[in-house]
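Visitor: Please pick one part of this model and take me through its packing at close range, as you would for someone at the bench.

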Amino acid sequence: MSQAEPTSTTVDAEATKATVLEALDNVWDPELGLDIVNLGLVYDIKVADRSVVIDMTLTTPGCPVSETLPREAEAAASAALPDFDVSVEVVWDPPWTPERLTPEGLQRLGFS
Amino acid sequence: MVPPASVPLGFLLAGAVGLVAFGACLAFGATLAVRSPRSPDVLAVTHLGVLAFLTTAVLGALHQFAPVVGVRALRSIPVARITVVTLVIAVWALPIGFAYFPTTLVVVGGLVGAVAVCLAAWNLSGPLSSREGGIPVVGLRLSVLYLLVTVTFGVVYVLDRHYGWFPLIEHRVLAHAHVGLFGWLGLTYISVAEKLWPMFLLAHRPKARSGAWAVGLVAAGTAVLGTGLLFAWPVVTGAGGAVVAAGIGAHLTSLAGAVKHRRRPLELLHVFLFVSAAFVVVALVLGAVGGLAPVSTTVRMHLVSAEIAALIAWLGLAVIGHCHKIVPFITFNRLRERGIQTNRSGGPLLFGDLFDHTVAVATLVIGATRFALVVAGLAAGFAAAVAAGGAAVGIAGLAVTLNLGLGPRRVLPKAAHQDPEPELARTT
């Protein structure tokens, strides 16, 4: 029983992360027309107990949507996980580069 | 961090009215613009272009952009609102004064304009004193400084018209014009571009230095060029012009680098930028030929008039192009605050949904071809071309104003019926 608990927690964490990623798939950069997951803006999702912390960045400091996009990511994840305490941390290290675009993101931008 | 939408939109709307008025007055004053470019009426039209259109719109963009890039708010929102009002009074009093009331209204306009610019500079000094922002912020500090220098020139010249301290001959007027066009408006555009181009093109070039060179050379060169023109020192003028040209070259190199390293397709804004860039090259050639070639006074006058028009076209098309980003960004946030999340087809609401692309392309075509007509008409001394070009520039101004102003209506009717809460939960 004591060995099963960590396994169960790990599975839950992975499932929670998957739920968060699915929710963030619907958060779009309104200028680029691409979701923030395929843009490579989501760096990390930390799950602990009933708390989720999303580390995300922006394409550049001073980005026009720097105030709204993290808020929208938090709202989307919170809506997908109503029983969790969700927060978004905007991080700048490492800085975002176009290399972080996923292959699907590149394809949708016309650079496949 | 960003000011209320009414602040930048107030400036931008006033700038749009200035653009329409500039085009219309240019059409009516075309003959004078060709025959007597220093006449009061032409002076009025020129000030409509550089003050009522360009300076007003650029100040609006800066009130939006500087807090974002400097990560620090304006010093005062009420002062920003007062700035809009005083600036509008000044930029209309001056041209009307030049055309109809030679001294009184011009002096009033000049002094009110100086107050407006001082208020703007004080307010912008908040975000621009930030240590964030890099080259764009450094460039904007210098450009605002040049704005103050330009206005000082203007106030002295305005008072000189009243008191007659010294003759306002060509080279002194041209010093004022070039400091304003290169030092204030040009340097602002060059600085802002260093932030916007990589962002809009997803171009990552951490080692690129051409933007820094552009800012430094244009800032330094303008001081030398302005001094040379002011005191009619040809060698100094030529040296300053060469440094400014080198700075513009670095600016265009930066554009080419951003385009080369882009990670997204080119779009309408970039076509605006390329056409705008062509005009600055034309302006440099006209300026060099007008300043150096052994031509008659009349031809030189035509060439210099055309150079000034080409510089206005360079900056004007860049401003109109960027407005297709700035205005949708502002209106987008307001729509989202109202719970509107999707466009008419049910997809996520994007900036590109907030204006009609066909009208935007038409604006570019009309604006570019007709600015070209104005420049060519002035260079060749052909008034009919200037008149036709001026009228169409006014139409382009009207088109961009209506297109961006009515843009939100493209998503409102259908989206407004949606229940925003489920959408908010589902998307963002």
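Guide: Here is a walk along one helix of chain B and its neighbours, with two single residues at the end. This is a predicted model, in which local features need pLDDT of at least 70 and side-chain atom pairs count only at pLDDT 80 or more, while totals for chains, interfaces and linings use all residues. Residues are numbered from 1 along each chain as its sequence is written, chains are lettered from A and ligands numbered from 1 in the order in which they are written, and side-chain values use heavy atoms, leaving out hydrogens and water.

Let's start with α13 of chain B, residues 383–405. Helices here are DSSP runs of H or I with at least four residues, and they are numbered from the N terminus. This one has 23 residues and spans 33 Å from first C-alpha to last, close to the 33 Å expected at 1.5 Å a residue (1.5 Å times one less than the number of residues).

Which residues of α13(B) are buried? Taking buried as under 20% relative accessible area, exposed as over 50% and partly exposed as in between, with a 1.4 Å probe and protein chains only, they are A385(B), V386(B), G389(B), G390(B), A392(B), V393(B), G394(B), A396(B), G397(B), V400(B), N403(B) and L404(B). Those buried residues pack (heavy atoms within 4.5 Å) against α1 (6–28), α2 (30–35), α11 (297–337) and α12 (357–380) of chain B.

Now follow α12(B) to another partner, α10(B), residues 268–292. The two helices pack at about 5°, with axes 10 Å apart (axes are lines fitted to C-alpha atoms, for helices over the stretch in contact, and angles run from 0 to 180 degrees between N-to-C directions). That angle makes α10(B) roughly parallel to α12(B) (under 35 degrees; over 145 is roughly antiparallel, 65 to 115 roughly perpendicular and the rest oblique). From α10(B), residues including V271(B), F272(B), V275(B) and F279(B) meet a set in α12(B) that includes V361(B), L364(B), F371(B) and V375(B). By class, this contact has 15 nonpolar, no polar and no charged residues (Ala, Val, Leu, Ile, Met, Phe, Trp, Tyr, Cys and Pro are nonpolar, Asp, Glu, Lys and Arg charged, and the others, Gly among them, polar).

Finally, two residues elsewhere in chain B. G154(B) sits in α6 (134–163) and counts as buried because its relative accessibility is 17%; its C-alpha lies 7.2 Å from that of H176(B), 22 residues away in sequence. V108(B), in α5 (104–128), has 40% relative accessibility and so counts as partly exposed.
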